[in-house]
Amino acid sequence: MKTAFLGLGAIGTPMARHVAAKSSLTVWNRTAETAATFAAATGASAEPTPAAAATGAEVVLTCLPTSREVESLLDGPTGLLAGMAAGTLLIDCTSGDPQSSRRIAARLGERGIAFIDAPVSGGVSGAEAGTLTVMCGGDEVTFARARPVLEFFGRKIVLVGPTGAGDALKAVNNALLAVHIWSAAEGLAALAKAGVKPSAALDVINASSGRSNTSENLIPQRVVTRAFPQTFRLALLEKDVAIAAEFIRDQRVASPVIQQVAELFRLARHELGETADHVEAVRLVEEWSATVISD
Ligand code: NDP
């Protein structure tokens, strides 16, 4: 099978590595050097434009920061639409927004190109292991076509609803992640100030009903150790919570908690910048409480 992959970022690169191992892959990346390095390491071929990468591919995958960047690659003589033929498929693994995905699907549909939103969860480590969860929005026929390609890097692959439903579910999932990070930081900061060691507090929480992936993995491995590795930019989580907040409002569901967390992550993005990792939101809680969540 001939495939193309556009967007070799933190998670796109390990995903594309699996695609390269199992199909004949062409890649494009905004910073061409990244694509050249990837091609040299995997045997994929690097192309100078989205159109050139998409030419001849039966399936094109995108993994970009937001739906805005996906839309920006469609048009013009070097754009995706200039390379993709009728009858091909675009799988967008960006954590996008439902409205944009519906717009993109409609534009591609006019040319006989199928579209599925297929955001992923499981992080960079899940992408490296090929064990990502993929939540898809689209119809059954398109899902059946996309599935064999998604299996290159995914383990749990689910069609959750029509176009945009994958994006909506991904945004809600990440809003929950943001709530967990912020609330765990507040609770642990208070306990630390009261003299309870974070590792002892986490040991108890993780044997109790307050546990989450944040308490079981993120805080012990990244905060208590002060390692704060860069795996998923806070700016991208802020984008996800904003999408969730808008989606929930659109559904007329009262959402004071998620709206508040969206506001907090907006503030955190402003304070910590575009390159900070998502777990570094904890640093703001620490700063405001003049304490450090570490033994
Ligand atoms: P990165 O910021 O690491 O990479 C972004 C990629 O998009 C890079 O290849 C970058 O190119 C490219 N890009 C940025 N702006 C543009 C533009 N204007 N035009 C064309 N290409 C552009 O992001 P991630 O790989 O971490 O995330 C990608 C998507 O996956 C996001 O939607 C994110 O929310 C989602 N995601 C990320 C996870 C993670 O753990 N990192 C987990 C689950 C989902 P360049 O190299 O030139 O900068």
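The exercises below work through helices, strands, aromatic rings and single residues of a predicted model.

Residues are numbered from 1 along each chain as its sequence is written, and side-chain values use heavy atoms, with hydrogens and water left out. In this predicted model, local features need pLDDT of at least 70, side-chain atom pairs count only at pLDDT 80 or more, and totals for chains, interfaces and linings use all residues.

**Exercise 1. The two sides of helix α2**

Task: Find which residues of helix α2 are buried and which are exposed, then find what covers the buried ones.

Solution:
- Step 1. Fix the terms. Buried means under 20% relative accessible area, exposed over 50%, and partly exposed in between (1.4 Å probe, protein chains only). Helices (H or I, at least four residues) and strands (E, at least two) are DSSP runs, numbered from the N terminus.
- Step 2. List the buried residues. Helix α2 spans residues 32-42, and its buried residues are A35, F38 and A39.
- Step 3. Look down the axis. The buried residues of α2 fall within an arc of 100 degrees, so they line one face of the helix. The arc is that of the directions from the helix axis to the C-beta atoms.
- Step 4. Recall the geometry. An α-helix has 3.6 residues a turn, so residues three or four places apart point the same way.
- Step 5. Turn to the other side. There E33, T37, A40 and A41 are exposed.
- Step 6. Name the cover. Over the buried residues of α2 lie elements including α1 (12-22), β2 (24-28) and β3 (45-46). Contact here means heavy atoms within 4.5 Å.
- Step 7. Check the covering helix. In α1, eight of eleven residues are buried: G12, T13, P14, M15, A16, H18, V19 and A20.
- Step 8. Step past the end of α2. Just after this helix, G43 takes a positive phi of about 90 degrees.

**Exercise 2. Rings around W182**

Task: Classify the aromatic pairs of the structure and say which helices they tie together.

Solution:
- Step 1. Set the rule. Rings of Phe, Tyr and Trp (its six-membered ring) pair if their centres lie within 6.5 Å; planes under 30 degrees apart count as stacked, over 60 as edge-to-face and the rest as tilted.
- Step 2. Count. The structure holds two aromatic pairs.
- Step 3. Take W182 and F265. Their centres are 5.5 Å apart, with 70 degrees between the planes, and the pair is edge-to-face.
- Step 4. Place them. W182 lies in helix α9 (residues 165-193) and F265 in helix α13 (residues 256-272), so the pair ties together parts that are 83 residues apart in sequence.
- Step 5. Take W182 and W288. Their ring centres are 6.0 Å apart and their planes at 50 degrees, so the pair is tilted.
- Step 6. Place W288. This residue lies in helix α14 (residues 281-289) and W182 in α9, so the pair ties together parts that are 106 residues apart in sequence.
- Step 7. Check burial. Both W182 and F265 are buried. W288 is partly exposed, at 49% relative accessibility.
- Step 8. Combine. W182, F265 and W288 form one aromatic cluster.

**Exercise 3. Strand β5 and its partners**

Task: Work out how strand β5 is covered and which strands pair with β5.

Solution:
- Step 1. Check both faces. Strand β5 covers residues 89-92; L89 and I91 on one side and L90 and D92 on the other are all buried.
- Step 2. Pair with β4. Two strands pair if DSSP finds at least two bridges between them. Four bridges join β4 (residues 59-62) to β5, and the two run parallel. T62 has D92 as its bridge partner in β5.
- Step 3. Pair with β6. Four bridges join β5 to β6 (residues 114-117), again parallel. L90 has F115 as its bridge partner in β6.
- Step 4. Follow the chain. From β5 the chain passes through helix α6 (residues 98-109) to β6, in a right-handed β-α-β crossover. Right-handed means that, with the strands pointing away from the viewer, the path from the first strand over the helix to the second runs clockwise.

**Exercise 4. Contacts of single residues**

Task: Locate E286 and V120, and list their contacts beyond four places in sequence.

Solution:
- Step 1. Place E286. This residue is in helix α14 and is buried at 5% relative accessibility.
- Step 2. List its contacts. E286 touches V223, R226, T291, V292 and I293.
- Step 3. Place V120. This residue is in strand β7 (residues 120-121) and is buried at 6% relative accessibility.
- Step 4. List its contacts. V120 touches I11, M15, C93, L132, T133, V134, M135, F153 and K170.
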